[in-house]
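Let's take a walk through this protein together, starting with its strands and ending with its aromatic rings. Keep the 3D view open while you read.

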Amino acid sequence: MTRQPTNWAGNIEFSAARYHRPTSLAALQQVVSDAVKVRALGTGHSFSRIADTTGDLVSVADLPVEMHLDAAARSVRVSAGVRYGEVATYLLDSGFALHNLASLPHITVAGACVTGTHGSGDANRSLAAAVSAVELVTADGDVLTVSRAGDPDRFPGFVVSLGALGVLTALTLDVVPAVEFAQDVYDGLSSEQLSAEFDRIFGSAYSVSVFTGWGTQRTNQLWLKRRADAAAVDVSWLDAVPADGPRHPIPGLDPVNCTEQLGVPGPWHERLPHFRLAYLASSGAELQSEFLLPREHAADAIAALDTIGDRIAAVVQISEVRTIAADDLWLSPCYHRDTVGLHFTWVRDPDAVAPVVAAIEERLAPFAARPHWAKVFSMEPAVVQGLYERFDDFRALMQQLDPKGKFANAWVEHHVGSK
């Protein structure tokens with residue numbers, strides 16, 4: 001390699017001795033079979049060393065693109081390097097959709113699912129919950145397929161897998177009929193009303209986000225995404241007011257790269273994300289953290305963070321509050337609990353951000369907050385592991401599939417360990 005690849009944000013320069021971009025499944029199998037240590041890379045939209053390795057780093061971006069809809073089975077099979085925006089466009093042509101999307105359509109399906117990434121909505125589970133089958137190259141270079149129907153006992157351990165079981169090559173996702181959506185943004189939601197009316201606010205639309213800057217001077221934006229065939233949301237009971245033009249989540253920034261607002265109906269995949277596929281969401285000059293906790297603790301958790309609101313405000317670009325429905329995937333941050341996610345987009349200054357993240361973790365500890373696996377956190381491994389009832393089952397699965405630790409990098413060894 002003449003230049004080490006980096007993650008999307010540029011805060012991580014990968015340590016790999018070799019970087020591969022195989023163009024066939026057979027070539028990928030050979031790379032994995034020959035490697036002593038190997039990790040897979042999608043779009044690199046992580047903010048920690050979860051994808052790093054000192055051995056072989058293998059990108060799935062150049063594998064043959066596959067998207068195959070089975071309309072009768074209500075499913076679509078996609079290759080691991082496909083981005084959500086790409087599969088969304090493909091499905092739209094046949095009248096189908098995914099149940100939800102993350103704020104960015106730029107990320108790969110595989111990368112989002114193995115890290116437990118999600119969208120928003122009281123009734124919407126994580127993106128990984130739509131996965132009904134996975135295909136992966138295992139440590140010996142063989143191809144293994146595991147499905148929800150064929151191996152129901154172990155399958156929940158294969159989806160949010162942190163890249164520790166093998167290199168994902170394809171996933172099968174549940175699909176639903178496509179409908180148009182509309183998006184409305186409101187300014188000036190008070191923090192008092194956010195806490196007092198949390199359930200009503202987040203139950204008011206298909207997908208709901210609140211953006212806040214924390215601190216004593218913060219203002220809150222409310223983003224409501226609804227099916228276009230549903231009535232406009234009645235927000236007369238709120239103190240927020242309709243935005244008089246398009247908004248960016250970070251107040252003052254140009255909203256040109258944001259999905260269309262002002263209640264204009266449009267395709268589902270051009271409203272559910274916050275950002276357009278054709279534009280970069282930002283320059284990448286940021287860090288991110290997210291903590292996910294039982295939804296019933298939302299108001300108390302926000303109150304706890306208000307005690308350090310000015311410290312957060314000093315290093316945060318924007319924070320987002322979302323809700324996600326429970327799923328049954330062993331290492332999903334939403335495992336067996338309806339969840340509220342508290343997301344933080346930081347300035348790209350690790351030294352300044354680290355003590356604030358630690359303070360947030362301390363304030364959220366009473367609420368059993370689980371960190372997003374691919375983002376910045378500092379919680380002790382034993383604490384994180386104790387938040388997952390099936391953690392030992394996942395480690396046993398990892399030992400079964402990869403007894404020599406071929407897919408275990410320093411990050412996995414630290415946070416997951418071995419049985």
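## Strands and rings

Start at Asp70, which stands opposite Ser75 in strand 5. Keep in mind that this is a predicted model, so everything here describes a prediction.

Asp70 is part of a neat little piece of the chain. Strand 4 covers residues 67-70 and strand 5 covers residues 75-79, and the two pair in the antiparallel sense over 4 bridges. Another facing couple here is His68 and Arg77, the latter in strand 5. Together, strands 4 and 5 make a hairpin, with 4 residues between them. Look in the turn for Arg74, which has a positive phi of about 55 degrees.

What is on the other side of the story for strand 5? It is also joined to strand 9 (residues 167-174) by 5 bridges, and these two run antiparallel. Here you can spot Val78 standing opposite Leu171 in strand 9. Is strand 5 mostly enclosed or open? Since 4 of its 5 residues are buried, strand 5 is largely enclosed by the rest of the structure.

If you're wondering what holds such partners together, strands of a sheet pair through backbone hydrogen bonds, either parallel or antiparallel.

Now for the parallel kind. There is an open sheet of 3 strands in the order 1-3-2, with parallel pairing. Which strands stand at the edges? Strand 1 and strand 2 do, each with a single partner strand, so one side of each has no neighbour in the sheet. On average, neighbouring strands of this sheet are turned by 20 degrees against each other, direction ignored. Zoom in on strands 1 and 3: they pair in the parallel sense over 3 bridges, and Arg18 stands opposite Asp56 in strand 3.

Time for the rings. How many aromatic pairs does the structure hold? There are 9, and the table shows two of them.

| Pair | Type | Centre to centre | Angle between planes |
|---|---|---|---|
| Trp8 and Phe47 | edge-to-face | 6.1 Å | 85 degrees |
| Trp214 and Phe344 | stacked | 6.2 Å | 20 degrees |

The Trp8 and Phe47 pair links distant parts of the chain, 39 residues apart. Trp8 lies in the segment before strand 1 (18-20), while Phe47 is in the loop between strand 2 (38-41) and strand 3 (56-59). Are these two rings buried or exposed? Trp8 counts as partly exposed because its relative accessibility is 25%, whereas Phe47, at 2%, counts as buried.

The Trp214 and Phe344 pair links distant parts of the chain too, with 130 residues from one to the other. You'll find Trp214 in the loop between strand 12 (207-212) and strand 13 (220-227), and Phe344 in strand 17 (residues 339-346). Both Trp214 and Phe344 are buried.

Rings can also gather in groups: Trp373, Tyr388, Phe391 and Trp411 form one aromatic cluster. Tyr388 has company from an arginine as well, with Arg370 lying over its face at 4.7 Å from the ring centre. Elsewhere, Arg200 lies over the face of Trp237, at 3.9 Å from the ring centre.

Notes: Residues numbered from 1 in each chain as written. Predicted model: local features only at pLDDT ≥ 70, side-chain atom pairs only at ≥ 80, totals over all residues. Heavy atoms only, no water. Phe/Tyr/Trp six-rings, centres within 6.5 Å; stacked < 30°, edge-to-face > 60°. Buried < 20%, exposed > 50% of the residue type's maximum accessible area, 1.4 Å probe, protein only. Lys NZ or Arg CZ within 6 Å of the ring centre and 35° of its normal. Pairing = 2+ DSSP bridges. Axes fitted to C-alpha atoms, helices over the stretch in contact; angles between N-to-C directions.
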